[in-house]
2 protein chains.
Amino acid sequence: MMRGKVQIKRIEKPTKRQVTFAKRRNGVLKKAHELSVLCDAQIAVMIFSDTGRLYEFSSCNLQEMMQKYHKHGKDVHISKLEVQKYMEELKGDSDSMINEIQFLQLYDRKLVGDGLNSCSYDELDEIQKQMEKSLRTVRERKVQLLAEYVENLRAKEKYLLDESAKPSTDKHKEGTGSLGSEVETGLCIGLPQVRY
Amino acid sequence: MMRGKVQIKRIEKPTKRQVTFAKRRNGVLKKAHELSVLCDAQIAVMIFSDTGRLYEFSSCNLQEMMQKYHKHGKDVHISKLEVQKYMEELKGDSDSMINEIQFLQLYDRKLVGDGLNSCSYDELDEIQKQMEKSLRTVRERKVQLLAEYVENLRAKEKYLLDESAKPSTDKHKEGTGSLGSEVETGLCIGLPQVRY
DNA sequence: AAAGCTATTTATAACTG
DNA sequence: TCAGTTATAAATAGCTT
């Protein structure tokens, strides 16, 4: 018998709270169901008891509800399965990249003569050969750059000699400015600060 | 005035359905709120009208509700915001790893004398110095290994000479087996397949 | 604790302005 | 179409079993 209207505040007595929970929980779920049928509305209700048990009602697939909810610009929810798949993919990429970095770092250390204590004599031999080959390549490249530099200097010298030999009136006619700048440009790019 | 109990089936008259929706919707949301307060329960209610408008109630963060729901082994939903945050983190890691790999790869190519065409003379000079230094380190290490090998050989030679000078009865008393195996072990680990 | 009962409150269908 | 009213159905607090 209802004596006096109920105060909407936490019921402290656990037994009473438990009983009220069971009754009102059913009430809410029933009302939700009725509303969905009577008014052709989509409704989802999720209830967790204070003991952590789940009671739910959904007039349709909850997934759909989430997507609809999402479209309303609220915080968005997507399937965990989908996310997991993507996560694993990223994780795989990440792992293989870490492996590659470690490999490259070890390789680098060996190439600069560090971390060699773990190498066998044969490995050292192989590394030495590689280094000698690389060194030859570097030296060849240096020689090539120097050769280009010398070539540019000769071209410039020739150009200057030709210019000074010509009469001053012809200078603009020949379009000489472009050749001059080509030579200079080549020189600057090739050897900004030469040391040898 | 309620004449007769209501039939729980779709209300066909749109106006009537609309009115009933508004009233019952408020009823459900109110009941949900009361239940959450009275019984200290977590409740979420989502209602979409047939016109697509959203009405909702949640006793706490809906995000939390989803995670709780997830833990109950249902098909799982988690917050997209959360996922996005994690994704961006992974993406950031991934990008920086890609950068590092590219840097290391370029560095490697230069160290083995490839991709040098883009290097300035000064850079080549620097690489050459590094290589010469590394080469010295490798050669020193090879010399060190050879020296250890020779040392081991001498130790073995001495051991064999001592052994053959002793009378055969003393062999077991001296515990010579252990010295012998030490020498051999050191030799094998240091230089498995020597070439020089 | 779970199920049933009943006095009452609460929700709401139909009506009204 | 929207509040407000009212008669009635439905929900439920406190009780009993």
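**Entry 1: strand D, polar contacts**

I looked up the side chain of A:Lys23 and found one of its N or O atoms 2.6 Å from a base oxygen of DNA strand D; I count a polar contact as a pair of N or O atoms within 3.5 Å, and within protein one must be able to donate a hydrogen and the other to accept it, with residues adjacent in sequence counted only if both atoms are side-chain atoms. I note that this is a predicted model, in which local features need pLDDT of at least 70 and side-chain atom pairs pLDDT 80 or more, while totals for chains, interfaces and linings use all residues. I number residues from 1 along each chain as its sequence is written, letter chains from A and number ligands from 1 in the order written, and take side-chain values from heavy atoms, without hydrogens and water.

For A:Lys16, I found a side-chain N or O atom 2.5 Å from a phosphate oxygen of DNA strand D. For A:Arg24, the corresponding distance to a phosphate oxygen of DNA strand D is 2.8 Å.

**Entry 2: strand D, surroundings**

I listed 18 residues around DNA strand D, with A:Lys16, A:Lys23, A:Arg24, A:Lys30 and B:Met2 the closest; near means that a heavy atom of the residue lies within 4 Å. Of the strand D atoms within 4 Å of the protein, 73% are sugar or phosphate and the rest belong to bases. H1(A) supplies the largest share of this surface, seven residues; helices (H or I, at least four residues) are DSSP runs numbered from the N terminus. I sorted the surface into six nonpolar, four polar and eight charged residues, with Ala, Val, Leu, Ile, Met, Phe, Trp, Tyr, Cys and Pro as nonpolar, Asp, Glu, Lys and Arg as charged, and the others, Gly among them, as polar.

**Entry 3: strand C**

I found 16 residues around DNA strand C, the closest being B:Arg3, B:Lys16, B:Lys23, B:Arg24 and B:Lys30. The side chain of B:Lys23 has an N or O atom 2.7 Å from a base nitrogen of DNA strand C. Phosphate oxygens of DNA strand C lie 2.7 Å from a polar side-chain atom of B:Arg24 and 2.5 Å from one of B:Lys30. H1(B) gives the most to the surface near DNA strand C, with seven residues.

**Entry 4: the helix pair**

I found the axes of H1(A) and H1(B) within 9 Å of each other, crossing at roughly 160°; the axes are lines fitted to C-alpha atoms over the stretch in contact, with angles from 0 to 180 degrees between N-to-C directions. H1(A) is therefore roughly antiparallel to H1(B), a term for angles over 145 degrees.

Key:
Helix = DSSP H or I, 4+ residues; strand = E, 2+ residues; numbered from the N terminus. Parallel < 35°, antiparallel > 145°, perpendicular 65-115°, else oblique.
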